[in-house]
Amino acid sequence: MTSTLDDRMAGRPVSASILLPCPTHIITRRTTDTLAHEHPVLQKAMAFIRNNYRNSISVGDIADHAGISLSQLKSLMHAQLGHSPGKILREMRLTLAHKLLLSSDQTLDEIASRCGYSSKVTLSQTFRRLYGHPPGYYRNRPREEDGGR
């Protein structure tokens, strides 16, 4: 096995009879849940969002951290990612809220706070707009064995 790996790494041909395992699923980690960006300002903005979306940050805070104007940030993100910074921030927050609703017994106030929302009302309105259902719809569904993944 070691010699096969050495051969592969050296670019030498390897027997076709080697069986390679096929993955059954992907476990999301920081290395698989983000996109790679070549633009340094976009990298800075996305890192700030990723590290702070659970806090009560605004799109203006993201622009300030990236060192560009709000209109420049919106243009850059739309051109490079096809989405506004507000949409990216909102989707990250709501994805976390959705997971917490399915996997925890936290109150809606606690979930709102953990997801960067100022109140459960704001979370509920935003949640309903994106998913078409209030948060309680997901809270009342049976919980999955794997923690809602």
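What share of the contacts in the chain with a separation of 6 or more comes from residues 24 or more positions apart? In this predicted model, such residues account for 52% of those contacts. Let's walk through the fold with that figure in mind.

Start with the overall layout. The chain has eight helices and zero strands, so its pattern along the sequence reads α-α-α-α-α-α-α-α. Of the 149 residues in the chain, 28% are buried. The chain exposes about 10,200 Å², and carbon and sulfur atoms supply 53% of that area.

Before looking at details, it helps to know how confident the predictor is. The average pLDDT of the chain is 82, and 75% of the residues score at least 70. Among the elements of the chain, helix α3 has the highest mean pLDDT, at 97, while α1 (residues 2-10) has the lowest, at 73. Over residues 30-34 the pLDDT is below 50, and beyond near neighbours in sequence this stretch has five contacts in the model. Residues 144-149 also have a pLDDT below 50, with four contacts beyond near neighbours in sequence. Where pLDDT is low, the predicted coordinates should not be read in detail.

Now turn to α5. This helix has 19 residues, which should span 27 Å at 1.5 Å a residue, and its end C-alpha atoms are indeed 27 Å apart. Its buried residues include a set of leucines, among them Leu 89, Leu 94, Leu 96 and Leu 100. Pro 85, Gly 86 and Arg 93 are buried in α5 too. What covers the buried residues of this helix? The cover includes α2 (40-52), α3 (59-66), α4 (70-81), α6, α7 and α8.

One of those covering helices, α7, deserves a visit of its own. Helix α7 runs over residues 120-131, and its 12 residues reach 16 Å from the first C-alpha to the last, close to the 16 Å expected at 1.5 Å a residue. Leu 123, Thr 126 and Phe 127 are buried in this helix. Seen down the axis of α7, its buried residues fall within an arc of 105°, so they line one face of the helix. These buried residues pack against α5 (85-103), α6 (108-114) and α8 (135-139). Following α7 comes Gly 132, whose phi is positive, near 80°.

Looking from either helix, then, you meet the other: α7 is part of the cover of the buried residues of α5, and α5 is one of the helices that the buried residues of α7 pack against.

How values were computed
Residues are numbered from 1 along each chain as its sequence is written. This is a predicted model: local features need pLDDT of at least 70, side-chain atom pairs count only at pLDDT 80 or more; totals for chains, interfaces and linings use all residues. Side-chain values use heavy atoms; hydrogens and water are left out. Helices (H or I, at least four residues) and strands (E, at least two) are DSSP runs, numbered from the N terminus. The expected span of a helix is 1.5 Å times one less than its number of residues. Buried means under 20% relative accessible area, exposed over 50%, partly exposed in between (1.4 Å probe, protein chains only). The arc is that of the directions from the helix axis to the C-beta atoms. Contact means heavy atoms within 4.5 Å. Accessible areas come from the Shrake-Rupley method with a 1.4 Å probe; for residues, only the protein chains shown count as cover. pLDDT is the predictor's confidence in each residue, from 0 to 100.
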